[in-house]
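Please open the model in your viewer and keep the sequence panel visible. The tour below proceeds by selections, each followed by a note on what is found there.

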Amino acid sequence: MSETSKSKELKEKLFKQNKNGYLKARKEDLEQISDFAKNYADFLDHSRTERLFVKNAIELATKNGFTEFDPDKKYSAGERVYLNNRGKAVILAVIGTQPITNGVMIAAAHVDSPRIDLKANPLYESGELGYFKTHYYGGIKKYQWPTVPLALFGTVIKADGTVVDVAIGDKKEDPKFVITDLLPHLAQEQYKRTPGQLIRGEELNVLIGSRPFNDDEESESVKLNIMSILNEKYGIIESDFISAELSVVPAGEVCDIGFDRSLVGGYGHDDRVCSYPAMMAAINAKAPAKTVITVLTDKEEIGSDGNTGLQSDYLKNFVYDLARANGADGWRVLAKSKCLSADVNAAFDPTFPDVFESNNSSVINGGVVITKYTGSHGKSGSSDASAEYMGYIRKLLNDNEVVWQTGELGKVDAGGGGTVAAYIANLDVDTVDLGVPVLSMHAPFEVISKFDLYMAYRAFSAFFDAQ
Ligand code: MN
Ligand code: MN
């Protein structure tokens, strides 16, 4: 053996292999990857808010034998239940064959995404144009949101308590809405602003109409005309906006990106690109050994507070209810449980290499990303998974031929971010982050790889199949 081939052999044995996932994929996976991505794109197109995602998830689960959870009932192996948390978060569970005291397997992802919410008094007229005042939700680069076609979704509770669901802009023939920006010809002063202020929060005003009600001399007749259209279509009056949750989100369809169609572009991959495969893994779980739970939660983008976010007790209470029905203590069940906190990570972007540390960034087509810790500065806000649990997940993925990689969100002092991992770990559950790398995270149009999406599904399925 020559010296060259000896070092080649030793390198293969000792070094970590960094290959594009497509070159490592199993033949049977290659056929599944594009089918899975197509179904995901269809689902995402119809699930642009947490409420819509939850509604569609429950509909799909019900078709697949899930029934509404009854906390007082004792369920037997193979039974499938869902818990609807106020229409904004949902838990799907399949009861395992092993006793619940062996612990449960939890996949947790979030279904809210950065967006622009309407204020309580949103409707106004200025310069004979109709507008909505807004307050953005989550971490957005505000300058990215003007001049993008927008759709309006949400729920209005009228004065008499009637519930009205609003959805305008998701169908081709629907009108869209837009935030305007200044033309470059007149932007000299705007360019002097700091990038975070290039478009200010109070400039995210949504253009919603321009036609006056009629030609009489009443003031605010554009506003009147819009209110009259809304009243005709939804039966609402201006004060009903106060008891409403209305969100403006990008309207464009999810689509393939690239000549090779290897990528998917669209709004809300963070974190529906993890929610969808985690949901499908629960729906396709047949007779798991341990009870498997997918929780699709709300409010992650603004800190997970509130009763539909994972800082609330709803997941813990669900596990306690399952435990109690089996005569077990909830905390004992949680102490034996495992969790994949499923959230996206920042994919290495070759156009902006400076913020990434190339040895420890996730890459597109590298497979599903395991992130031992998130947080910022000195791992602040991270639950930091143990070596033992990292070892467990690594072996599980390898045994099931899931293509995976590790990734840290950017350079140590470049910024940072958190996930729901810490809140589940705080329940005394072994938890680590696992998800899909994303380009242009939190932009109105984000990009992911079909390969990585499918590997996330394979990872959740392997996790739910574990003994
Ligand atoms: Mn996320
Ligand atoms: Mn996010």
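The tour begins with the domains and ends at a metal site.

This is a predicted model, in which local features need pLDDT of at least 70 and side-chain atom pairs count only at pLDDT 80 or more, while totals for chains, interfaces and linings use all residues. Residues are numbered from 1 along each chain as its sequence is written, chains are lettered from A and ligands numbered from 1 in the order in which they are written, and side-chain values use heavy atoms, with hydrogens and water left out.

First, colour domain 1 (15–113 + 267–465) and domain 2 (115–250) separately; these bounds come from an automatic or database domain assignment. Their C-alpha centres lie 33 Å apart.

Next, display the boundary, where 16 residues of domain 1 are in contact with 13 residues of domain 2 (contact means heavy atoms within 4.5 Å). Three salt bridges are counted between domain 1 and domain 2, a salt bridge being a side-chain nitrogen of Lys or Arg within 4 Å of a carboxyl oxygen of Asp or Glu. Select Glu245 and Arg51 to see a salt bridge with its closest N and O atoms 2.1 Å apart.

Now select the manganese ion (ligand 2). Which residues coordinate the manganese ion (ligand 2)? Asp270 (OD), Glu301 (OE), Glu301 (OE) and His442 (NE2) do, at 2.0 to 2.6 Å; donors are N, O and S atoms within 2.8 Å of the metal (3.2 Å for Na, K and Ca), and water is not among the atoms, so sites may look incomplete.

Finally, add the manganese ion (ligand 1): Asp270 bridges both manganese ions, which lie 3.2 Å apart.
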